Each structure stands twice: as structure tokens, then as C-alpha cells.
Amino acid sequence: MTAVEHDADVIVVGAGPGGSATAYHLAQHGVRVLLLEKTEFPREKVCGDGLTPRAVRQLIRMGVDTSPEAGWLHNRGLRVIGGGVRLELDWPDLASFPNYGLVRTRLDFDDLLARRAVEAGADLRTGVNVIGPVLGPDGRVTGVEAEVGPGKEPATFHAPLVVAADGVSGRFPLALGLAKREDRPIGVAVRRYYRSPAKHDDNYLESWLELRSKDSGDNLLPGYGWIFGLGDGRVNVGLGVLNSSSAFGKTNYRRLLTDWLANTPADWGMTDEANAEGPILGAALPMGFNRVPHYTRGVMLVGDSGGMVNPFNGEGIAYAMESGELAAEVAVQALARPAGADRERALAAYSTELKARFGGYYRLGGIFVKLIGRPEIMRMATKHGMPHPMLMRFVLKLLANLTDPRDGDAMDRVINAMTRAAPAV
């Protein structure tokens, strides 16, 4: 499988959740993996820090200890606030997924996953900033060009296959001419940490479907909000705005966050700037496969690099890790074949399987984004939907993509049928 001139069988660019999951699963199969990360661990990332059971499943598949003793805060489900209703929805009890979610800061989380990849046998090199691909005479990628260390020493690494897991910036696929698709949904999220003894150990993730400031009266602020307890005296508080909203790109999102928090109870600690830890940070949420193809010319796209954030709920970590595992499975089979048409046929299965797994669901998510971008529809949905717990349990399963594919209940069968019927994006 390995030629002597290659530094690895696979180079993975980026050691976020998607890249580390890819490297872990490749290494588990005995593949020589070079995992390149431009920063040093531990390092900060903008995120809500909340993990649904879909992400928990991927952690378990990586052999991660998710017990409270290992530093994880468990949650039972989602608390939804909107339409004058406060509803607590437990995660569904399914055969395919665990029945709990988790919270952990990305400072700890990404470091932990990268270490799991190293323990499995991956070669992690930090301080390596990949700046572009190395192209063979046929235009196929045969490695990466990089700058190493604080002195930015030039370096070249070679491998027969490269996985781009370099996040929302997608610098590596951009260098190959793979630009974002403007017809797919995208969001912007901002978040901040606050000290909050009253909310820090909440056993539900909290989602606000309606945001109001003190002086907004009956007028809603754009976007949706969250408050996730971290279990260490702090909460992660943030909000997101989708590009289907008229406020997208025209709003001071940091001001929007503080306006909303000024209307929360004083004992939560979020109205007092003295309780804030760190600045308000923001990031884009690339949704619904907004960069394709996911395999081309020796490069596989994983996670945010391939626009895999769930349009329904803004969740990205689960899909980054899941696509990483799938990329590893496909790569192992492909590298067992001789270079050429036979190997390319195997690698093409990655895009095909991603589309089969998520394409119809993401199509429905795109429709959902367009609908909730209209305030009158969002107001009607919260007013008439929130008072009905059975309907909201269905909505939770749909938004979190949590169903049993076989032998599920009636809700599972309806959701699975909807996603199969929707044309894949």
C-alpha cells in the first residue's frame, strides 16, 4: 500500500473533530496517517459545546470514556422555550443511539480527540500550516505544501490520498477550485462564556426559539439562542442567525447577544459584564453540503470543509465525526486496490454514500431554513406547535436526526420516509 517516497498512506489536514475521527479510524485499520494541525493543543474554537446523542455515538465508537468521572456533563434532552411555553423533551430511547447528550468545551474536547487518534497510531504534527496541494502531472493531488513552526519553514508531505478537514475556511478545497455553493443554507453563530451558578449544572440543553430584548416589546429579535451548562460554574451562551433571515449580514450579532441576555433573570448572571469570561466570538455554519464534490482528484472533504452542518439544528460535530469515519472506511478499501481506475471507483463511493445518508435529510433542512427565516411563520409555528408535546417530540427527532432506521416507532417511520422521498441535495 505504501511507496517509499510517501510520508504516509493518508494525510489529514486539520485536527478538529472530523480530522481526528478520520485519523483515528484510519489508524485503527493499520493505515499510516499523518495528521497536520496548524495550531497547538489545547486550543479554543467557537462552538456551542453541546453534543447530541448522535455525536455521543461517535465518541463511543472512538472508545472515549463519556462518564461524568471523565469530565463530561450529561444532559437528558432539550428544553425548548418559545410561544410562551417552556417544554422539556427527553432524548428519544432508541436502539441506534444512546439516550443522553454531553457538554464539554472545545478546548478540552478537540485535544482529547486528537490524543485518541495518536493513541490509535496516527502521527500528529502541530504547528504545521497547510497552504495548498501538491499536484501530479495528471492534476491529481499527491501531497501538501506547508509552513512549519513559528519560523514558517517550507515543507512538503506526500501521500496517495489527502483528507481535507480544515473547517469552515476550507482553504485546501478552495485551492482546488471547490468554492461554497451559494444556494445552500449557511448560518452565523456567536457565543460567550458566563459564570452562572444558577444554570451551570443544568441537565437539559436549553434552546430559545424566540429572542427579546428589554426594549423590543412584542417585536422578536432575529435568530435563535441557546444556554448550555458546562458543569464547572460556567455556561456557554450563544445565538445563531440563518441566511434565510432578512437580518443576515446586516446585524451586529455581538450586540444582539447582549441585548437578549439583558432580558434574562439577573440571578442567572448573564446581565452582568463582570460574570463574562472572554470575548464574544463568532463563526460561520456551513450547512447542507454547501461544498461539493466530497471526493475529487485524490482529496476527500470531511465535516465543515464539505459543508456538513445540519440545517435543522446547526449541529456540526456529529457530522464531522461521522463523515470522518466513513472517509476512513472508504479510504481503507480504496488503498487496498492498485492506483488507477480501480482505486478511483472505490473512492467515488464516499460521495455516493454521503448523499445517500444525508442528501434527502439536508434537502428537507434547506426547506426548513427558508420557512423559519420568515418571522410570521416562526411565530405561528411556536404559538401552535409548542403547546403540543407529542408534536414537539416528533420535531425533536426530526431536528436532531435521531431515528431508528428499522423497527422504529411511527414517528421514526414517518421521518425516514420523508428523508427517502426528498430528492438528495
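The legends below describe close-up views of a predicted model.

**View 1. An edge-to-face aromatic pair between Phe-289 and Tyr-362.**
A pair of aromatic rings is described by the distance of the centres and the angle of the planes. Of the eleven aromatic pairs that the structure holds, the one shown here joins Phe-289 and Tyr-362 in an edge-to-face arrangement, with 4.8 Å from centre to centre and 75° between the planes. Phe-289 belongs to the loop between strand S17 (276-286) and strand S18 (295-296), whereas Tyr-362 belongs to helix H8 (residues 349-372), so the pair ties together parts of the chain that are 73 residues apart in sequence. Both Phe-289 and Tyr-362 are buried.

**View 2. A tilted aromatic pair between Phe-312 and Phe-368.**
The rings of Phe-312 and Phe-368 lie 5.1 Å apart, centre to centre, with 40° between their planes, and the pair is therefore classed as tilted, being neither under 30 degrees nor over 60. Distant parts of the chain are linked by this pair, since Phe-312 sits in the loop between strand S19 (299-301) and helix H6 (317-335) and Phe-368 sits in helix H8, 56 residues apart. Phe-312 has 7% relative accessibility and so counts as buried, while Phe-368, at 22%, counts as partly exposed. Phe-312 and Phe-368 are members of one aromatic cluster that also includes Phe-289, Tyr-319, Phe-358, Tyr-361 and Tyr-362.

**View 3. Charged side chains over the faces of two tryptophan rings.**
Arg-104 is placed over the face of Trp-72, at 4.7 Å from the ring centre. In the second panel, Lys-199 is placed over the face of Trp-268, at 4.2 Å from the ring centre.

**View 4. The surroundings of Glu-322 in helix H6.**
Glu-322 has a relative accessibility of 4% and therefore counts as buried, the limit being 20%. The side chain of Glu-322 is joined to that of Arg-54 by a polar contact of 3.0 Å. When residues up to four places away in sequence are not counted, Glu-322 touches Arg-54, Arg-57, Gln-58, Arg-357 and Phe-358, and Phe-358 is also one of the residues of the aromatic cluster in View 2.

**View 5. Helix H2 (residues 53-61) and what covers its buried residues.**
Arg-54, the polar partner of Glu-322, is one of the buried residues of H2, together with Pro-53, Ala-55, Val-56, Gln-58 and Leu-59. The cover over the buried residues of H2 includes strand S3 (50-51), strand S7 (101-103), helix H3 (106-120), H6, H8 and H10. Just after H2, Gly-63 takes a positive phi of about 75°.

**View 6. Helix H10 (residues 389-400) and the residue that follows.**
The twelve residues of H10 reach 16 Å from the first C-alpha to the last, close to the 16 Å expected at 1.5 Å a residue. Met-392, Phe-394, Leu-396, Lys-397, Leu-398 and Ala-400 are buried in H10. Asn-401, just after H10, takes a positive phi of about 55°.

**View 7. Backbone geometry at two cis peptide bonds and two residues with positive phi.**
Most residues other than glycine have a negative phi, and most peptide bonds are trans. The peptide bond from Phe-41 to Pro-42 is cis, with omega near -5°, and Pro-42 is found in the loop between strand S2 (33-37) and S3. A cis peptide bond also runs from Val-292 to Pro-293, with omega near 0°, and Pro-293 is found in the loop between S17 and S18. Asp-49, in the loop between S2 and S3, has a positive phi near 70° and is buried, with a relative accessible area of 1%. Lys-152, in the loop between strand S10 (141-148) and strand S11 (153-158), has a positive phi of about 55°, and with 56% relative accessibility Lys-152 counts as exposed.

**View 8. Ala-262 in the loop between helix H5 (253-261) and S17.**
Ala-262 is partly exposed, with a relative accessible area of 30%. Its C-alpha atom is separated by 9.9 Å from that of Asp-215, a residue 47 residues apart from Ala-262 along the chain. Leaving aside neighbours within four places in sequence, Ala-262 is in contact with Lys-214 and Thr-271.

How values were computed:
Residues numbered from 1 in each chain as written. Predicted model: local features only at pLDDT ≥ 70, side-chain atom pairs only at ≥ 80, totals over all residues. Heavy atoms only, no water. Phe/Tyr/Trp six-rings, centres within 6.5 Å; stacked < 30°, edge-to-face > 60°. Helix = DSSP H or I, 4+ residues; strand = E, 2+ residues; numbered from the N terminus. Buried < 20%, exposed > 50% of the residue type's maximum accessible area, 1.4 Å probe, protein only. Lys NZ or Arg CZ within 6 Å of the ring centre and 35° of its normal. Expected span 1.5 Å × (residues − 1). Polar contact = N/O pair within 3.5 Å; in protein donor to acceptor, adjacent residues only side chain to side chain. Contact = heavy atoms within 4.5 Å.
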